[in-house]
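I am opening a fresh page for this structure and will note what I look up, entry by entry.

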Amino acid sequence: MLDYLVTNARIIDPESGRDFMGSLGISGGKIAGLYSPEEGAKERALQKLDAEGGILVPGFIDVHAHSDNDIPCAEKLLAMGVTTVLSGNCGRGAVDFDTFFGEFEESGYPVNQAEMTGLSSLREEAGQENVYQCASAAQREVMKELAGKALDRGAWGISFGIEYTPGASEEELKEMALIASGAGRLITVHVGSRYPGDTDSLAYILEMGMKFGVRVIISHLVYMFVGDPLRKAMEIIDRCRAKGADVWVDSGMYTAFATGADSAVFDEQNITYGGDFHFDRLRAATGKYAGRFIDLEKFREIRRDFPGDSLIYDPGHPEDVFTAYSLKDVMVSTDCIGNPPGQGHPQGAATYPLFFRVMVKERRQFSLHEALRRCTTIPARAMGCGGKGRIAPEGDADLVILDWDRLHERADFPGLGNPDAPPDGVKHVFVNGVLSIENEKRVPGVLAGKCLKGGKPCAL
Ligand SMILES: [Zn+2]
């Protein structure tokens with residue numbers, strides 16, 4: 001007897017390319033079987049769900065987020081069809097994993113979550129709070145010990161936010177990469193830049209990854225580079241891949257990025273260097289000016305009085321979103337982060353439906369199958385989480401059923417709309433075989449996500 005039988009679905013496995021009308025059985029949180037409509041009619045199940053011709057695919061895997069046990073943030077991801085998230089990115093991740101996982105288990109969570117430890121967090125824990133200074137030899141010893149312990153206790157890898165810690169020395173980066181490599185884990189890297197369009201940090205990281213044999217995920221490519229530097233960055237990645245680098249890349253659907261007002265990204269000496277910063281492209285994402293464009297005076301006020309606020313900067317070149325995805329196997333990611341309700345960047349609630357609408361329906365840059373691979377199979381491989389990202393017996397029953405014609409984002413930038421608005425057309429979502437979104441509505445109280453602990457990396 002199955003737990004669930006989903007009937008009348010167009011089932012697509014992006015891994016094999018299998019695409020057929022039929023039924024899917026769920027038992028014990030796993031995919032129990034795939035059936036033709038006739039076979040499905042003979043199966044017995046505790047509950048049945050008529051997909052009404054909807055597209056049934058693996059739940060989406062977001063490899064770049066800052067959900068970090070924040071339930072409202074994960075609820076927004078779930079509403080888009082995300083069932084697994086990799087958090088703790090850009091150098092900011094948990095350090096004490098017993099506490100972190102303990103909180104997760106105690107509260108429950110809407111989606112599966114893996115968590116990185118982060119270089120910036122480790123530096124602070126070791127007593128280096130100045131982002132422009134390198135960690136001392138003694139501090140590096142503490143960082144190494146903490147990083148080793150974090151990986152031992154289940155951290156998925158180590159994230160770097162080089163732009164946020166311009167003072168981090170090459171020794172720090174190398175030591176962390178070696179620890180990740182030794183544990184068979186990966187590093188995710190928000191690269192740095194010492195001047196507009198600087199690609200040196202990207203090249204350095206990729207060379208280091210090759211040398212130390214560590215898997216690298218380059219984070220939110222189009223948030224790091226637009227214009228000619230983006231093309232240059234893509235060439236560097238291609239060249240390193242040709243040399244055998246184990247490098248993976250994620251990117252979002254916007255060029256306008258959001259980050260902390262008090263971060264090094266917005267230190268005045270950094271934004272004014274090179275003269276390529278335009279205040280008419282800067283707006284507040286949160287706080288008293290949320291949704292409004294801000295001038296130098298308000299910018300200084302926010303940084304002085306509300307350093308925890310988040311700002312959105314748009315460097316222009318919106319077409320570069322499409323350029324970034326033209327690189328082989330670039331994965332879709334959100335960069336979502338917890339924000340006060342109705343404030344923040346819409347990326348956490350709009351990215352996936354926006355990706356399918358623009359890249360498949362309108363531009364036809366990707367076939368539906370290729371677009372699905374970028375949200376499921378490829379991120380499952382990049383993370384090294386077996387059992388996810390495909391529709392096959394014994395696979396995890398993390399599933400989404402889309403109403404393709406209705407699929408459309410509704411979230412928009414503050415000032416223009418509601419950045420939290422859930423999309424249309426994400427009809428049903430199962431997390432570990434538990435129905436968590438039903439008929440586009442959140443099933444109240446269901447927290448079926450598992451805490452994914454890094455261990456021996458498993459091949460898909
Ligand atoms: Zn980042």
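**Notebook: sheets, a helix pair and two domains**

I began with a single residue pair and noted that Gly118 stands opposite Ser159 in S10. I keep in mind that this is a predicted model, in which local features need pLDDT of at least 70 and side-chain atom pairs count only at pLDDT 80 or more, while totals for chains, interfaces and linings use all residues. Residues are numbered from 1 along each chain as its sequence is written.

Entry on the first sheet. I looked up the partners of S9 and found that S9 and strand S10 (residues 157-161) pair in the parallel sense over two bridges; pairing here asks for at least two bridges found by DSSP, and strands (E, at least two residues) and helices (H or I, at least four) are DSSP runs numbered from the N terminus. I then traced the open sheet to which they belong, and its six strands follow the order S9-S10-S11-S12-S13-S17 with parallel pairing. Strand S9 (117-118) and strand S17 (331-332) are at the edges with a single partner strand each, so one side of each has no neighbour in the sheet.

Entry on the second sheet. I found another open sheet, of four strands in the order S6-S7-S8-S22, again with parallel pairing. Its edges are strand S6 (60-62) and strand S22 (451-452), each with a single partner strand, so each has one side left without a neighbour in the sheet. I noted that strand S8 (residues 112-115) is joined to S22 by two bridges and runs parallel to S22, with Gln113 opposite Cys451 in S22.

Entry on the helices. I checked helix H13 (residues 347-362) against helix H14 (residues 368-375), whose axes come within 10 Å and cross at roughly 150°; the axes are lines fitted to C-alpha atoms over the stretch in contact, with angles from 0 to 180 degrees between N-to-C directions. On the H13 side I listed Tyr352, Phe355, Phe356, Met359 and Val360, and on the H14 side Leu368, Ala371 and Cys375, contact being C-beta atoms, placed from the backbone, within 7 Å. By class, this contact of H13 with H14 has eight nonpolar, no polar and no charged residues, where Ala, Val, Leu, Ile, Met, Phe, Trp, Tyr, Cys and Pro count as nonpolar, Asp, Glu, Lys and Arg as charged, and the others, Gly among them, as polar.

Entry on the domains. I read domain 1 as 2-58 + 393-404 + 411-444 and domain 2 as 60-383, with bounds from an automatic or database domain assignment. Their C-alpha centres lie 29 Å apart, and their contact takes 26 residues from domain 1 and 32 residues from domain 2.

Note on methods:
Two residues are in contact if their C-beta atoms, placed from the backbone, lie within 7 Å.
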